[in-house]
Amino acid sequence: MSYIIRLFFSIDFALIFTLSLIFWNIFVFVLYGIDKRLAIKNKHRIKEKILIFCSLIFGGIGTFFATILFNHKKRKIIFKIIIPISVFLTLIPTIHIIHSYILDRIIVYREKTFFDSQWSSELDGYRIAFMTDFHTISEESMNNVVRELNNRNIDLLVLGGDFSLRDNHYRTILNIISNIETTDGIFGVEGNHDNAERLFLVKSEYGIGILDNSGLYIHPNFFLAGVHDLWNRNPNISVATSNANNDSFILLVSHNPDVSMIQDTSHLNLILSGHIHGGQITFFGWPFYLFRGSITSFGTRFASRFSESYDGIPVYTSFGVGEYYSVPRVFARPEVVIFTMYNKN
C-alpha cells in the first residue's frame, strides 16, 4: 500500500495535464485540417457536432489557429459563436497551468503589521517570521529563504510543522533553517505529516525550541505557546498556556487551525496555523477542494489567511512554504509571513 501511495505522489500531475492539453489542441487542429481537405475534395465530411464538441472541451486554441490557417468554418454563424467560447474555455486551464509553473513556484514574503492592545509598546517593531508546511521543499529553495530572512532583521522565527520524513529530508531542511539569524531564537510545533518524537529530537540537535503542548515567555509580557497536531495527538490549549499571565500577549501556534474552533481561545491574542495550503489547487484562488471536508471541517473559513477562531481571535493560516510532493500549487503561492508587532493604543 505504501508503494502505491509513493507512486501516486511521484506523478507530475501538472506535466500530465499540460501535455494532455497540448496534444488535444494539436488533435483538434489536425481534425479541422482534415475536414477542410475533405471539403476541397468534396468527400464525406466530419460531422459538425464532433468538431464543436472537440472545440468546447478545451480545444479552443487548436480551433482558433485551424480556422485561420485553413480559412475554415469562419463564415458559419454557429462557429462564429463557438470559436470565441472555446478559446475562452481553453484559456482558463492554460492560465492556471502558467500560474502553477511560474508564480506558484516562487515563494512570496508577506509583510503584515499586527496591532494589539496587550502587546507591549516597549517591543513595538518586533518582527516574527512564520513558516509552515515544508514537505518536499528543495534545499536550494530553503537556502534562498535563509538568505532572504537574514536580510530582514527577524526577532523570532516560528515553524508550523509538516516536514517530509522520507529519506531524512526533514533533517537536512531543519539544519538549513537553523542558520536563520534571529534575536530570540527559533521555535516550532509538529504537523500531521510529522513523527513528533523524531522531529523534536532533530530540532533539539539544531537548537530549535520545541512547543509540545507547552509555552514560554520570550519577553516579560510576550508568551509563545504551541500545541500537538489535531490529527496525530491531543492538542490542549489550556495546558500549553497554563504558565501565561492573564495580562500577557499570548501567541499560539497550532498546525491545524480547526483547533481554534473546538477549544477555548478567548485568552489568546493571535493564532498561527498552516495545514490548508490555501486549498492547494484552486480556481483563480477559489479553494473548491476544501468543500470536500478532508483537510478541514470548516470549509473555506481558513482558506484566505486571516480569519477568526470560534471566540473571535485572529487566526492567520499560512499557505505554507513548500511543495507537497508532485501535487501542483494552483493559485496558492507558497509564502513566508513576517509580522511586525505594535501596541494598539
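**Entry 1: strand S8 and its partners**

I started at Val-253, which stands opposite Leu-272 in S9. A reminder to myself: this is a predicted model. One step back along the chain, I found Leu-252 opposite Ile-271, again in S9. I then looked up the two strands themselves: S8 covers residues 249-253, S9 covers residues 270-273, and they pair in the parallel sense over three bridges.

What does S8 have on its other side? I checked strand S7, residues 222-226, and found five bridges joining S7 to S8. These two strands run parallel as well. Val-253 turned up here too, since Gly-226 stands opposite Val-253 in S8.

Is S8 covered or open? I noted it as mostly covered, with five of its five residues buried. I sorted its side chains by direction: Phe-249, Leu-251 and Val-253 point one way, while Ile-250 and Leu-252 point the other way. Both groups are buried.

**Entry 2: the whole sheet**

Next I zoomed out to the sheet. I wrote down an open sheet of six strands in the order S6-S7-S8-S9-S11-S10, with mixed pairing. Which strands stand at the edges? They are S6 (214-219) and S10 (306-308). Each has a single partner strand, so one side of each is left without a neighbour in the sheet. I also looked up the twist: neighbouring strands here are turned by 25° against each other on average, direction ignored.

**Entry 3: the nonpolar cores**

I went looking for the largest nonpolar core and found one of 30 residues. The residues with the most contacts inside it are Met-131, Phe-134, Leu-149 and Ile-177. Which elements give two or more residues to it? My list reads strand S2 (126-131), helix H6 (139-149), strand S3 (156-159), helix H7 (169-177), H8 and strand S12 (335-343). H7 gives the most, with five residues.

I picked Ile-177 for a closer look. Leaving out residues up to four places away in sequence, I found that Ile-177 touches Phe-134, Met-142, Val-146, Leu-157, Leu-159, Phe-163 and Ile-186. There is also a second, separate core of 23 residues, which includes Leu-123, Val-158, Val-189 and Leu-251. I had already met Leu-251 in S8, where it is buried.

**Entry 4: H6 against H7**

How do these two helices lie? I read off that their axes come within 9 Å and cross at roughly 20°. Angles under 35 degrees count as roughly parallel, and H6 and H7 are therefore roughly parallel to each other. I marked the crossing as right-handed. On the H6 side, the contact is made by Glu-139, Met-142, Asn-143 and Val-146. On the H7 side, I noted Thr-172, Ile-173, Ile-176 and Ile-177.

**Entry 5: Ala-196**

Last, I looked up Ala-196, which lies in helix H8 (residues 196-205). Is Ala-196 buried or exposed? Its relative accessible area is 12%; the cut-off for buried is under 20%, so I put Ala-196 down as buried. Not counting residues up to four places away in sequence, Ala-196 touches Glu-190 and Arg-233. I also checked Ala-196 against Ile-210: they are 14 residues apart in sequence and 10.0 Å apart in space, C-alpha to C-alpha.

Methods
Residues are numbered from 1 along each chain as its sequence is written. This is a predicted model: local features need pLDDT of at least 70, side-chain atom pairs count only at pLDDT 80 or more; totals for chains, interfaces and linings use all residues. Side-chain values use heavy atoms; hydrogens and water are left out. Helices (H or I, at least four residues) and strands (E, at least two) are DSSP runs, numbered from the N terminus. Buried means under 20% relative accessible area, exposed over 50%, partly exposed in between (1.4 Å probe, protein chains only). Contact means heavy atoms within 4.5 Å. A nonpolar core is a set of buried Ala, Val, Leu, Ile, Met, Phe, Trp, Tyr and Cys residues joined through side-chain atoms within 4.5 Å. Two strands pair if DSSP finds at least two bridges between them. Axes are lines fitted to C-alpha atoms, for helices over the stretch in contact, and angles run from 0 to 180 degrees between N-to-C directions. Angles under 35 degrees count as roughly parallel, over 145 as roughly antiparallel, 65 to 115 as roughly perpendicular and the rest as oblique. A crossing is left-handed if the near helix is turned anticlockwise from the far one by less than a right angle, and right-handed if clockwise.
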